[in-house]
Amino acid sequence: MKLGTPHYIGTLLGLALRTQSTSAFSGPAFTASSRMASSSSSSLNLRRNAGLERQEEGATPLPGGMTLYVKPGEDGKSVGDCPFAHFVRMVLTEKGLEYDLVPSTPANKPNWLLDDYGGKIPALRHRKECYVDSEVIAQYLDFFFKEPELSVGGKDTEKATIAVDGFFPAMAKFTKHSPNGDEEDKAKQTALEEKLQTLEDHLSNDARTGPYLVGDGEQFTLLDCSMAPKLYAMDICLKEIKDSAIDVAKYEKVRKYMDDVFARPSFQSTVEYGPETVVWGWKSIH
């Protein structure tokens with residue numbers, strides 16, 4: 001399930017997280033079942049094989065014991081440019097949750113991650129459990145660690161998710177296309193410009209009083225955590241890879257939104273990979 005779907009909030013845990021068997025873990029540090037309170041399970045409408053499994057003794061997950069496996073940079077050791085990993089890190093930072101960060105190449109990924117999760121990253125290990133897919137991880141964190149709550153339900157969230165729907169695929173297709181300036185490239189550029197205009201229109205609503213995406217813009221949400229790294233990648237790639245083919249400044253509301261989310265401490269403290277790594281990351285997938 002992609003972030004842009006209207007039913008993003010409140011459904012990802014039940015639909016996107018597949019249950020793993022005991023073979024998923026190679027050592028005694030892991031168990032096969034998640035420990036979720038039955039009341040929490042009911043509220044999320046989760047059941048075995050359709051989402052998180054209930055935890056033994058009804059215990060609620062506690063902070064601590066978290067390890068996040070992420071894409072590495074060019075040297076194989078530093079943090080890479082993955083916007084999905086950055087999304088998760090922003091959520092963790094907003095909530096003040098401590099975690100170990102492990103840039104992981106195929107050579108140093110744990111066997112359980114390779115064998116039973118296909119080596120997918122980002123992957124969050126929380127003590128005896130592991131969760132993959134950035135959206136699922138974010139929902140898991142926001143459900144169990146409420147402060148601050150980053151989910152907003154209802155039509156306001158639906159409107160915001162519709163406004164960003166398809167942005168990242170359009171940005172990725174345009175960035176990865178080569179050579180610059182041919183007819184196919186121009187068509188992909190137009191598609192991205194259309195997505196930016198949709199976002200511009202959403203941010204231009206007169207009823208908005210705050211800088212963020214959902215509702216009146218006053219509350220920073222998971223959707224902002226997701227969009228910030230993607231817009232950062234776009235900002236760099238347009239300049240360094242696409243010869244500044246699109247001037248984001250002409251989308252005044254989008255540019256202002258970018259500046260606001262980039263200035264947020266949770267973004268600033270998790271963007272150590274920088275422009276050079278972003279360019280390397282995107283050029284390496286051509």
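Of the 286 residues that make up this chain, 52% count as buried, and the reader should keep in mind from the start that the model is a predicted one. The accessible surface of the chain comes to about 13300 Å², and carbon and sulfur atoms account for 48% of that area. The chain contains 12 helices and 4 strands. If we consider contacts between residues at least 6 apart in sequence, 72% of them join residues that are at least 24 apart.

We can begin with the strands. Strand β1, which covers residues 66-70, pairs with strand β3, residues 123-126, in the antiparallel sense, and this pairing extends over 4 bridges. One position to look for in the structure is M66, which stands opposite H126 in β3. Strand β3 also pairs with strand β4, residues 129-132, again in the antiparallel sense and over 4 bridges. Here R125 has C130 in β4 as its bridge partner. Between β3 and β4 there are 2 residues, and the two strands form a hairpin; in its turn, R127 has a positive phi of about 50 degrees. When looking at such strands, it helps to know that in a regular strand the side chains alternate between the two faces of the sheet.

From the strands we can move to helix α3, where R89 is found. Is R89 buried or exposed? With a relative accessible area of 6%, R89 is buried, because the limit for counting as buried is under 20%. Leaving aside residues up to four places away in sequence, R89 touches L68, V79, Y99, L101, S269, T270 and E272. One of these residues, L68, can be looked up within strand β1, which spans residues 66-70.

Helix α3 also takes part in a salt bridge, and the count of salt bridges comes to 12. In one of them, R264 is joined to E94, with the closest N and O atoms 2.6 Å apart. What does this pair tie together? R264 lies in the loop between α10 (252-262) and α11 (265-268), while E94 belongs to helix α3 (residues 83-94), so the salt bridge ties together parts that are 170 residues apart in sequence. As for how these two residues are covered, R264 is partly exposed, with a relative accessible area of 21%, whereas E94, at 17% relative accessibility, counts as buried. The two values fall on either side of the 20% cut-off, which is why the two residues receive different labels.

Other salt bridges lie within a single helix. D235 forms one with K239, and the closest N and O atoms of this pair are 4.0 Å apart. Both residues are in helix α9 (residues 222-240), and because they are 4 residues apart, about one helical turn separates them. D235 itself is buried, with a relative accessible area of 11%.

A similar arrangement can be followed in helix α10, where R255 and D259 lie 4 residues apart, about one turn of the helix. Their side chains meet in a salt bridge with a distance of 3.1 Å from N to O. D259 is partly exposed, with a relative accessible area of 41%. These two pairs should not be viewed separately, for D235, K239, R255 and D259 are linked in a network of salt bridges.

Conventions. Residues numbered from 1 in each chain as written. Predicted model: local features only at pLDDT ≥ 70, side-chain atom pairs only at ≥ 80, totals over all residues. Heavy atoms only, no water. Buried < 20%, exposed > 50% of the residue type's maximum accessible area, 1.4 Å probe, protein only. Contact = heavy atoms within 4.5 Å. Pairing = 2+ DSSP bridges. Areas by Shrake-Rupley, 256 points an atom, 1.4 Å probe, with all protein chains shown as cover.
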